[in-house]
Each structure stands twice: as C-alpha cells, then as structure tokens.
Amino acid sequence: MKRPASQPTAAIVRSRPRNGGAYGAAPRRVAGAASVSGAVVGSVGRPRADLMIGFDLNSARLSAEGITATQIFAKSLLTPELQSKRFLIEGHTDLRGGRDLNMALSRARAKTVADYLVSLGVKPERLQTRGFGPDIPLPGHRSTDPTNRRVEAELIS
C-alpha cells in the first residue's frame with residue numbers, strides 16, 4: 001500500500017549510544033541505511049522498523065492517524081524491553097516551501113511527537129528532538145520528493 005504524500009513516516013532505528021543531552025538536545029546523526037529483506041538496517045547493522053505518523057498539511061498538528069501511530073509507539077516505549085532506552089525524535093521535510101519554513105516545521109513536528117509521547121507516560125529525559133528540514137532526504141529520493149516528509153525515532157542508548 002502506498003503512503004499518501006501528506007503523511008510522514010516515523011521509524012525506530014537502533015544505533016550505538018551518543019553524546020549526552022536530553023529532550024530537545026541535538027546529537028550527531030548516524031548516516032546510511034540499506035534495505036535488507038524488507039527491514040532497514042542502519043550503518044551499525046541494527047534493524048529499523050517504520051511507523052507512520054501523519055500531520056495536518058503544513059502543520060505540526062498530528063492527524064488522527066498520527067495520534068494513533070504515536071500512541072502505539074508510546075505503548076512500545078513503555079514495555080519492559082524499552083522502558084530504559086532513550087530515543088532521538090527527528091523531523092524531516094521535503095524541499096518544497098523554502099528551507100527556513102521546513103527547518104522550523106521539522107523541529108516543530110519532532111517536538112509535537114515528543115510532547116505527545118511525554119503526555120502518554122514516556123519520561124521526557126528519554127527523548128531528544130531534532131529537526132533536519134530537507135537536509136537529509138531518503139536514500140535514492142530527490143529532496144523535493146514528498147516521501148521525505150517524515151518523523152523518525154532512533155534508539156540512542
């Protein structure tokens with residue numbers, strides 16, 4: 001099933017721990033990912049699963065589907081296996097609309113997801129947010145491709 005262009009993607013990416021910081025801090029990004037049998041593996045060889053998080057058009061307000069997807073993600077973050085783990089919530093956009101607007105929108109979308117996760121019981125010190133705007137398109141996609149409108153959650157420790 002093809003994802004509508006207006007809905008970004010969220011993904012859990014497992015990688016090695018990073019420099020400190022907490023909710024709102026901006027650590028380095030792990031580059032590179034390759035598709036392997038339907039799963040995506042980050043540059044350090046750990047699996048990556050995608051989760052859809054939709055937003056209202058040109059907005060940081062979660063769509064009904066985005067709310068549901070974030071609630072599911074929150075439930076997994078509260079499981080015994082993940083309750084001690086920390087995550088970076090990254091916002092990404094395509095290039096349409098101008099860089100300044102997209103940088104602000106990507107930061108706002110990442111913060112919206114993190115804020116909602118906190119409201120669902122995830123401890124804020126487990127989350128960091130960062131907006132990349134159009135700077136990191138998906139591999140093999142142009143920066144103007146709507147597929148780049150996404151939010152990713154990366155396991156950082």
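**Entry 1: N148 and its surroundings**

I began with N148, which this predicted model places in the loop between β6 and β7. I looked up its accessibility and found a relative accessible area of 0%, so I noted N148 as buried. I then listed what N148 touches, not counting residues up to four places away in sequence, and the list runs to H92, T93, D94, P137, L138, H141, R142 and S143.

From that list I took R142, which is found in the loop between β6 (127–133) and β7 (150–155). Is R142 buried or exposed? Its relative accessibility comes to 68%, and because the cut-off for exposed is over 50%, I entered R142 as exposed. Beyond residues up to four places away in sequence, R142 touches P137 and N148. I also checked R142 against D94: the two are 48 residues apart along the chain, and their C-alpha atoms are separated by 8.5 Å.

**Entry 2: T93**

Next I turned to T93, which N148 touches and which lies in the loop between β5 (87–92) and α2 (99–119). I read its relative accessibility as 3%, so T93 goes down as buried. With neighbours within four places in sequence left aside, I found T93 in contact with N102, L105, S106, G133, P134, N148 and R149.

**Entry 3: the second largest pocket**

I looked up the second largest pocket and noted a volume of about 160 Å³. Which of its 12 lining residues are the closest to its centre? I found these to be L57, N58, D94, L105 and R149, and two of these names, L105 and R149, had already come up among the contacts of T93. Sorted by class, the lining has three nonpolar, five polar and four charged residues.

**Entry 4: aromatic rings**

I searched the whole structure for aromatic pairs, and the search gave one. The pair is formed by F73 and F87, with 5.9 Å centre to centre and 85 degrees between the planes, and I recorded it as edge-to-face. I placed F73 in helix α1 (residues 64–77) and F87 in strand β5, so the pair ties together parts that are 14 residues apart in sequence. I checked both partners for accessibility: F73 counts as buried at 4%, and F87 counts as buried at 1%.

**Entry 5: A114 and K85**

I looked up A114, whose place is in helix α2, and its relative accessibility of 0% makes it a buried residue. I set A114 against Q128, which is 14 residues away along the chain, and found their C-alpha atoms separated by 7.8 Å.

K85 sits in the loop between α1 and β5, and with a relative accessible area of 28% I noted K85 as partly exposed. Leaving aside neighbours within four places in sequence, I found K85 in contact with R126, L155 and S157. For K85 and R126 I also took the C-alpha to C-alpha distance, which is 6.6 Å across 41 residues of sequence.

**Entry 6: the whole chain**

I then stepped back to the overall layout and counted two helices and seven strands in the protein, which follow the pattern β-β-β-β-α-β-α-β-β when read along the sequence. Of the 157 residues, 43% are buried. I also looked at how contacts are spread along the chain: among those with a separation of 6 or more, 76% are between residues 24 or more positions apart.

**Entry 7: confidence**

Last, I looked up how confident the prediction is, and found a mean pLDDT of 75 for the protein, with 67% of its residues at 70 or more. Where is confidence lowest, and where highest? The lowest mean, 28, belongs to strand β2 (residues 33–36), and the highest, 96, to α2. Residues 1–43 have a pLDDT below 50, and I noted that this stretch has 126 contacts in the model beyond near neighbours in sequence. Residues 45–49 are also below 50, with 19 contacts beyond near neighbours in sequence. I kept a caution beside these two entries: where pLDDT is low, the predicted coordinates should not be read in detail.

Technical notes
Residues are numbered from 1 along each chain as its sequence is written. This is a predicted model: local features need pLDDT of at least 70, side-chain atom pairs count only at pLDDT 80 or more; totals for chains, interfaces and linings use all residues. Side-chain values use heavy atoms; hydrogens and water are left out. Helices (H or I, at least four residues) and strands (E, at least two) are DSSP runs, numbered from the N terminus. Buried means under 20% relative accessible area, exposed over 50%, partly exposed in between (1.4 Å probe, protein chains only). Contact means heavy atoms within 4.5 Å. Rings of Phe, Tyr and Trp (its six-membered ring) pair if their centres lie within 6.5 Å; planes under 30 degrees apart count as stacked, over 60 as edge-to-face and the rest as tilted. On a 1 Å grid over the protein atoms alone, a cavity is a set of points where a 1.4 Å probe fits but cannot get out, and a pocket is an open set with protein on both sides within 12 Å along at least five of seven lines; lining residues have an atom within 4 Å of a point. Grid points are joined across faces, edges and corners, and a volume is the space filled by probe spheres set on the points. Ala, Val, Leu, Ile, Met, Phe, Trp, Tyr, Cys and Pro count as nonpolar, Asp, Glu, Lys and Arg as charged, and the others, Gly among them, as polar. pLDDT is the predictor's confidence in each residue, from 0 to 100.
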